[in-house]
Amino acid sequence: MALTLYPPEFQIERDKERCIACQVCVRQCANDGHIYDPDDDSISSDESRCIGCHRCATLCPTGAITIRETPMHFRTNANWSARALKDIYKQAETGGVLLTGMGCDRPYPSYFDRILLNASQVTNPSIDPLREPMELRTYLGNKPDRVAFAPTAEGVDLATALGPQLVLETPILFSAMSYGSISYNACWALARAAKAAGTFYNTGEGGLHRNFYEYGKNTIAQVASGRFGVHADYLDVAAALEIKIGQGAKPGIGGHLPGEKVSEQISQTRMIPVGTDALSPAPHHDIYSIEDLRQLIFALKEATRYSKPVGVKIAAVHNVAPIASGVVRAGADMVAIDGLRGGTGAAPTIIRDNVGIPIELAIAAVDSRLREEGIRHRASVIAAGGFRNSADVIKAIALGADAVYIATGALVAMGCHLCQKCYTGKCNWGIATQDPYLTKRLNPNIATRRLINLLRGWSLEIKEMLGGMGINAIESLRGNREHLRGVGMMERELKILGIKSAGEAW
Amino acid sequence: MSQFYEKDISGCGIIAIMNERGLDISGELVMSAIASMRERANGLGGGFAAYGIYPGYRDYYAFHIMFDNLQAKDETEALLKTRCFLEIGEPIPTRPNRNITNPPLLWRYFLKPKEECINGIGEEDFIVGVVMDINTMIGGAFVASSGKNMGVFKGVGYPEDIGDFFRLDEYEGYIWTAHGRFPTNSQGWWGGAHPFSLLDWTVIHNGEISSYGINKRYLEHFGYRCTLFTDTEVMAYLFDLLIRKHGLPLELAAKVISAPFWDEIGRMEEKQRLFFTVLRIVYGSALVNGPFAVVVGHTHGMIGLNDRIKLRPLIAARDGDMLFIASEDSAIREICPHPQKVWMPRAGEPVVCTLKSSIQEDSSLWERNRLLRQQWFGESYQ
């Protein structure tokens, strides 16, 4: 191997006194970071191969392994950081586009971390969710802005027919992750957890394996620019459809599943030959403007006889509010907005880290815009992109989202350590890989249980926070920005978020 | 106007009295009832709504307006004159009360909209527009009430002093509601006292609305501008929207504002379940959350309502034709020592009091509402 000009990113420290040379680390590392020498019965490391996924350190039975980030080797320079230099060395060596996985990891301000929640004192009793009902049920879909009545022979009846709705027992859905980008077991766990928790998971653009049709009532089927796996049964079996226009991690560009990952099963699911690259074009080749999107929305509605909501997923970009307005006017029943920190299985680093806007601002801008135009009721807003905990979720809902999509959080629940190497197909945790040796590491039963636990834990926390605010139904918090206050923000940012500064009373 | 409006938090005492047959009740009665709940107020606001007090002008909209200064009065009158026929404009009679200081200019106008100004939007919407314009565009002017044959009398002080100041002992009406306020801020603004009113809707309210932020934004969608520095006005506007504009009967409007829990809906029989599911889905943003006890008055009756887990007191009583709703039993017994029936309405269960006399003008609406009521709540309801 040619000499590279940058040091390994991680150091593997092996405590020789603890190491029993059992070779667990050797077997667990798909990147060959650990090497067994049979002559010597000892293990050594190739640190240049370590990606920092911590699989070996987690599984080492004697706790002999510690993975550390390599201390700074470059001369300190505020402008030319170690990362900037390393990226240049890598590109000088390869001449390629730098790839990465997961969401943007750059230190842009997190508005969630600058928003604080309210709680009741004296004038308004807080509500104890352990003793009083606390409702998180959420309906997604187009709603009329009023109910009409009509006289009938027996009396009076509803004259308003509600469009198809998705019913969620908690306002959290699993976001789009395709079969291909993640393993069969990972998809299966998401489907089962969504069913158990009374919510939905999203197929992503990889089609739906026939074995998962039994979870159709909890499935949102995506129709993306590659149209992989889109056929009549796929549309019929799902509870809702989603047209994917953009993704927060890579707004404006398409996707690429390398042929190496296209196994027999994936080939059948995606309806492409085994071993061929699955390329999703940047735009849909039949959508060059909003009127084309309208045609696709209604083509899908026609194909499913208006029996299920059809949503559109867009990335949060500068004009997200008017774009969302156009999408609603085009007939979408749900608009999913994916923010700057939304994850991916593979994206050019430069795009992931520099394109798009934070989801917090996007939610506020879209919700305000749709209300100004009087069309907020016509579509539900689902926010996506980097929700780390239940507080992020509740803040997003108070800003105006109907529900949130989580994906990174779900992967972490299954074991992901955010090494950001999903695009290599060598996920040591058995999630973002198709290698049978690796995928069998993810026990679908355990993964399902962990996902259910995560949803349960977050839902309980949301109930506690709601009760603290003196609210016992999530719809009373939705778009209720009076319960949010900002710290450390400029006037302009507060205005866009539509919230007051901390210290300002009602 | 700033992007944000103030919300005012208050604890309070409320009482409402009605004669089912529409017979007149003296203002004295309600004043002594509210006075018995003096502990529930702190002298920063008191007020009354009275229905049936202007029978001689029953066809005119009675505007009770507060002015900070003469300029505001001139501007308001100029606005009224361009859009309405003013039959009478006069100061509201008052008498000096040593506890009432610094009142604004208090005037009442009996008016009818000019046909050519209504422009097809409907007379009531036109009046709402006039009220909203005065409240938002003219500094120092505030419309306290704007209905027919009714009026709101309110200000800064204990309610019994406010009643004395407005000489309410000289008025007679078939519905009276009264409110003593215990605000947790000290904004001494006359307009901030209860009842809040729009057209013939009046609201007296004890509580804090935790869902205010979304209720306000929801109402903006339908053209209501919340400008009164209080959360109570959303209650008035929600009733106006649901009943007058969307045609829901009172009971159903109450079931939107204090919506049944999903569990409860789940236990209903199928048709009813679908009905209430749709209602909650469509009107989720109109659900009023947080502790409240409220009495909404209107020309044809009144309704008492609690939040869905009853976090504020509300008690009701009946004695012959007389109906009572109050914060405390004591306030009712002050004026009716031995009512035939006294009951505690359950959380979210409306107390609907409807006039038996036949002054309902819109009979088709009334008939439809009666059918709806029968269908969803059964004959035995109330």
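**Figure 1. Helix H14 of chain A in the predicted model.** Helix H14(A) covers residues 444-468. At 1.5 Å a residue, its 25 residues should span 36 Å, and the end C-alpha atoms are 36 Å apart, which agrees. Buried positions in H14(A) include Leu451(A), Leu454(A), Leu455(A), Trp458(A), Ile462(A) and Leu466(A). An α-helix has 3.6 residues a turn, so residues three or four places apart point the same way. The partners against which the buried residues of H14(A) pack are strands E6 (115-117) and E11 (172-176) and helices H4 (184-197), H11 (390-399) and H12 (408-414), in chain A. Just after the helix, Gly470(A) has a positive phi of about 80°.

**Figure 2. Helix H8 of chain A and its surroundings.** Helix H8(A) runs over residues 320-329; 7 of its 10 residues are buried, so the helix is largely enclosed by the rest of the structure. The buried residues are Val320(A), Ala321(A), Ile323(A), Ala324(A), Ser325(A), Val327(A) and Val328(A). They pack against helices H7 (290-303) and H10 (359-372) and against strands E17 (310-315) and E18 (334-338) of chain A. Gly331(A), just after H8(A), takes a positive phi of about 110°.

**Figure 3. The contact between chains A and B.** Each side is made of 39 residues, from chain A and from chain B. On the chain B side, helices H6 (212-221), H9 (262-266), H10 (270-282) and H12 (363-377) each supply at least two residues. By class, this side of chain B has 17 nonpolar, 15 polar and 7 charged residues.

**Figure 4. Two non-glycine residues with positive phi.** Most residues other than glycine have a negative phi. Met271(A), with a positive phi of about 60°, lies in the loop between helix H6 (264-270) and strand E16 (278-280) of chain A. Met271(A) counts as partly exposed because it has 13 C-beta neighbours inside 10 Å. In chain B, Asn102(B) has a positive phi near 60° and sits in the loop between strands E5 (84-91) and E6 (105-113). Asn102(B) has 8 C-beta neighbours inside 10 Å and therefore counts as exposed.

**Figure 5. A cis peptide bond in chain B.** The bond between His194(B) and Pro195(B) is cis, with omega about 0°. Most peptide bonds are trans. Pro195(B) is in the loop between strand E10 (175-183) and strand E11 (196-198) of chain B. The chain around this loop has 12 helices and 18 strands, and buried residues make up 54% of its 382 residues.

How values were computed: Residues numbered from 1 in each chain as written. Chains lettered and ligands numbered in written order. Predicted model: local features only at pLDDT ≥ 70, side-chain atom pairs only at ≥ 80, totals over all residues. Helix = DSSP H or I, 4+ residues; strand = E, 2+ residues; numbered from the N terminus. Buried ≥ 20, exposed ≤ 12 C-beta atoms within 10 Å, placed from the backbone. Contact = placed C-beta atoms within 7 Å. Expected span 1.5 Å × (residues − 1). Nonpolar A, V, L, I, M, F, W, Y, C, P; charged D, E, K, R; others polar.
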